[in-house]
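Student: I should like to work through a protein model together with its bound ligand. Please show me the sequence and the structure.

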Amino acid sequence: MVYKHPSKSNIVILTGAGISAESGLSTFRDENGLWCQHRIEDVATPEGFRRDPQLVHRFYNQRRAQLKDVKPNAAHLALAEWERRWKEEERGNFLLVTQNVDDLHQRAGSRNIIALHGELLKARCSHTEKVMAWSEDLATDLPCACCGNPGAMRPHIVWFGEMPLEMETIYAALSECDMFVSIGTSGTVYPAAGFVMEARRNQKARTVEINLESSGSPYFHEVFEGKASQLVPNLANSIS
Ligand code: BJW
């Protein structure tokens, strides 16, 4: 199928853990996913971090270290190439919003990208909120690179109950998008789960889901079931 877009066309892509699964990173809610091995309240809430910062650091240190052993797959690469082509041909805006905290989209070459749940390769000073590039382990006795206080640095991750990042930019892009594509996300965590409804509000957006199994949301015009590494390149190539 070739889908012909109008000469100008704004695209918003939303990705979740499923796009990185074929690179070897665990999803959250699938069988053997991260939430089968860890309690959300312990490792993904500000209260959990206050209660047991060592446990939370261990959880994110392991995941940060794992990034050295994985690489972008065909789905990440296809999105980067789609963005490059869209820009080169001056076709419109192309925004990639990822819920993932890995760096695989960035390594694949995506440029206009918002990591709304934060990034493993950044740390934040709990006192000043300053965000810093960070690739090493974090620990409760580590002096903060910003304020100097031991243990003041926390993972730059959006936990439950915290405000996701750059929401204004995302909602502005959704309000004027012509195509919204959701890839590899269960659609259970808000506000990201509501982006497809937001895109539909502007009336003109074509909404597409790619997932191993449909999330069941009624807001998608089209659902393609299967692996992201096959279906994302297919979709990107089908759009002229
Ligand atoms: C494949 C595949 C392959 C596998 N190919 N596909 C009651 C009602 C509504 C909302 C709330 C509520 N109570 C509380 C809330 C708010 C709460 C929330 O949504 N809770 C729900 C659980 C109900 N949300 C928040 O607190 C957020 N903040 C907030 O709302 O602030 C207020 C606000 C309001 C309005 C506007 C703005 C702000 C913060 C959420 C933070 C989420 N953080 C986490 C963990 C931190 C990051 C980390 O450690 O990595 O982010 S939770 C976890 O879930 C992680 C993910 O980014 C997120 C989404 O998961 P994802 O990516 O969808 O993964 P899975 O595992 O669920 O799904 C994988 C999918 O891939 C599956 O569908 C597979 O089929 C598929 N798949 N292989 C294609 N090869």
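Tutor: The questions below concern the ligand site, two helices and some backbone features.

Tutor: This is a predicted model, in which local features need pLDDT of at least 70, side-chain atom pairs count only at pLDDT 80 or more, and totals for chains, interfaces and linings use all residues. Residues are numbered from 1 along each chain as its sequence is written, and side-chain values use heavy atoms, with hydrogens and water left out.

Student: How many residues surround the ligand?
Tutor: A residue is counted as near the ligand if one of its heavy atoms lies within 4 Å of it. The closest are Arg 63, Thr 185, Ser 186, Tyr 190 and Asn 211. The shell divides into 17 nonpolar, twelve polar and six charged residues (Ala, Val, Leu, Ile, Met, Phe, Trp, Tyr, Cys and Pro count as nonpolar, Asp, Glu, Lys and Arg as charged, and the others, Gly among them, as polar). The number of residues surrounding the ligand is 35.

Student: What percentage of the ligand's accessible area does the protein cover?
Tutor: A polar side-chain atom of Arg 63 lies 2.7 Å from a ligand oxygen, and an N or O atom in the side chain of Tyr 60 is 2.8 Å from an oxygen of the ligand. On its own the ligand has 1500 Å² of accessible area, computed by the Shrake-Rupley method with a 1.4 Å probe. The part covered by the protein is 76%.

Student: Which residues of H5 are buried?
Tutor: Helix H5 (53-66) supplies at least two residues of the ligand shell; helices here are DSSP runs (H or I, at least four residues) and strands likewise (E, at least two), numbered from the N terminus. Buried means under 20% relative accessible area, exposed over 50%, and partly exposed in between, with a 1.4 Å probe and protein chains only. The buried residues of H5 pack against elements including helix H4 (46-51) and strand S6 (153-157), where contact means heavy atoms within 4.5 Å. These buried residues are Val 56, His 57, Phe 59, Tyr 60, Asn 61, Arg 63 and Arg 64.

Student: What distance separates the end C-alpha atoms of H5?
Tutor: The expected span of a helix is 1.5 Å times one less than its number of residues. H5 has 14 residues, so its expected span is 20 Å. The end C-alpha atoms agree with this, being separated by 20 Å.

Student: At the start of H6, which residue's side-chain oxygen reaches the backbone nitrogen of Ala 75?
Tutor: Helix H6 covers residues 74-88, and Ala 75 is among its buried residues. The oxygen comes to within 2.8 Å of that nitrogen, inside the cut-off for a polar contact (N or O atoms within 3.5 Å; within protein, one must be able to donate a hydrogen and the other to accept it, and residues adjacent in sequence count only if both atoms are side-chain atoms). The residue supplying this oxygen is Asn 73.

Student: Which peptide bond is cis, with omega near 5°?
Tutor: The proline concerned is found in the loop between strand S7 (179-183) and helix H9 (195-201). The residue before the proline also has a polar backbone atom 2.7 Å from an oxygen of the ligand. The cis bond runs from Tyr 190 to Pro 191.

Student: Is Asn 32 buried or exposed?
Tutor: Asn 32 is found in the loop between H1 and H2. Its phi is positive, near 65°, although Asn 32 is a residue other than glycine. With a relative accessible area of 58%, Asn 32 is exposed.
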